[in-house]
Amino acid sequence: MSEHKRRRIYLMRHGSVTYFDNEGKPYLPEQVPLNELGREQATAAGKVFAQAGLRFDRVIISGLPRTVETATRVLAETGQQIEMERWSDLVELRGGKLSAIPDDMLKEAFVGAFDGLVPEHRQFLGGESVGELMDRVHPCIDRLRNERDWDTVLLVLHGGVNRAILSYALTNQRLFLGNLAQTAGCINAIDVGDDHADWVVRMVNYSPLSELQGESRHTTMEVLLEQYMKARRT
């Protein structure tokens, strides 16, 4: 075969964090660091890349602490010293004020944005809509593809953002497939060619610490909803 023309995007979700305390009260999502499991997940992902001898030309993060720490731990394992690029348009879906959401709307507010083929008007936790997310994520991916100074890039981002990117890659359309699971610390692999429609999704939601993902059959947002409900009951 001739030398490959496609370039490779490794797309990670940050490692696990603790969004709510033991009483169900939320921490500021912009500030939460990785928890112990999250640190283990980030290190495990880095070891997978290191064992494969992968070298990144660029590393892009959203800039939130949980992406910074995940990428830092990955690079520590690969032995690369790369200045991380902070693309603020790739931060996670922005939620609204939880206390303003009525009890009967809580379930939809938590899980509705990740339920099948999601309509663009659907809001995340009473805040940003899926359409608004795609408005900022798609141009970032188009910009990255148009930049020719890389062959292999690592993106360390968020569950909702990753779904927007994977949906774009799978359909080449402005669609949001909410039921694409993104386990904390997971790795996805996407190849891109010169033609805008040339996407090849190679791997989705690979979790080095839990390859068969047998620990739970709940989604992240279902777990967070249950945690938050503790505060509503008190």
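This predicted model holds 0 disulfides. A disulfide is a covalent bond between the sulfur atoms of two cysteines, so the distance between sulfurs is a good place to begin. For Cys 140, the closest cysteine sulfur belongs to Cys 186 and lies 19 Å away, which is too far for a bond. Seen from the other side, Cys 186 has its closest cysteine sulfur in Cys 140, again at 19 Å and too far for a bond. A pair would need its sulfur atoms within 2.5 Å to count as a disulfide. The table adds how each cysteine stands with respect to the surface.

| Cysteine | Closest cysteine sulfur | Distance | Relative accessible area | State |
|---|---|---|---|---|
| Cys 140 | Cys 186 | 19 Å | 7% | buried |
| Cys 186 | Cys 140 | 19 Å | 0% | buried |

Let us turn to the sheet. It is open and built from 6 strands in the order S3-S2-S4-S1-S5-S6, with mixed pairing. Strand S3 (85–86) and strand S6 (199–206) form its edges, each pairing on one side only. Further in, strand S1 (residues 7–13) and strand S5 (residues 187–192) run antiparallel and are joined by 6 bridges. Within that pairing, Arg 7 has Val 192 of S5 as its bridge partner.

Two helices that pack on this sheet deserve a look. Helix H1 (residues 36–51) touches S1, strand S4 (152–157), S5 and S6, and its direction makes about 160° with that of S1. Helix H5 (residues 159–171) also packs on the sheet, touching S1, S4, S5 and S6; here the angle with the direction of S1 is about 150°.

Now for the interior. In soluble globular proteins, nonpolar side chains tend to be buried together. Here the largest nonpolar core has 49 residues, and the members that touch the most others are Ile 9, Phe 110, Leu 155, Ile 165 and Ile 190. Two or more residues come from each of S1, helix H3 (106–111), helix H4 (130–146), S4, H5, S5 and helix H6 (220–233). H4 gives the largest share, with 7 residues.

Leu 155 shows how these pieces meet. Leaving aside neighbours within four places in sequence, Leu 155 is in contact with Ile 9, Tyr 10, Leu 11, Met 12, Ile 60, Ile 141, Leu 144 and Ile 165. Apart from the largest core lies another one, of 15 residues, including Phe 56, Ala 71, Val 74 and Ile 187.

Note on methods. Residues are numbered from 1 along each chain as its sequence is written. This is a predicted model: local features need pLDDT of at least 70, side-chain atom pairs count only at pLDDT 80 or more; totals for chains, interfaces and linings use all residues. Side-chain values use heavy atoms; hydrogens and water are left out. Two strands pair if DSSP finds at least two bridges between them. Helices (H or I, at least four residues) and strands (E, at least two) are DSSP runs, numbered from the N terminus. Contact means heavy atoms within 4.5 Å. Axes are lines fitted to C-alpha atoms, for helices over the stretch in contact, and angles run from 0 to 180 degrees between N-to-C directions. Buried means under 20% relative accessible area, exposed over 50%, partly exposed in between (1.4 Å probe, protein chains only). A nonpolar core is a set of buried Ala, Val, Leu, Ile, Met, Phe, Trp, Tyr and Cys residues joined through side-chain atoms within 4.5 Å.
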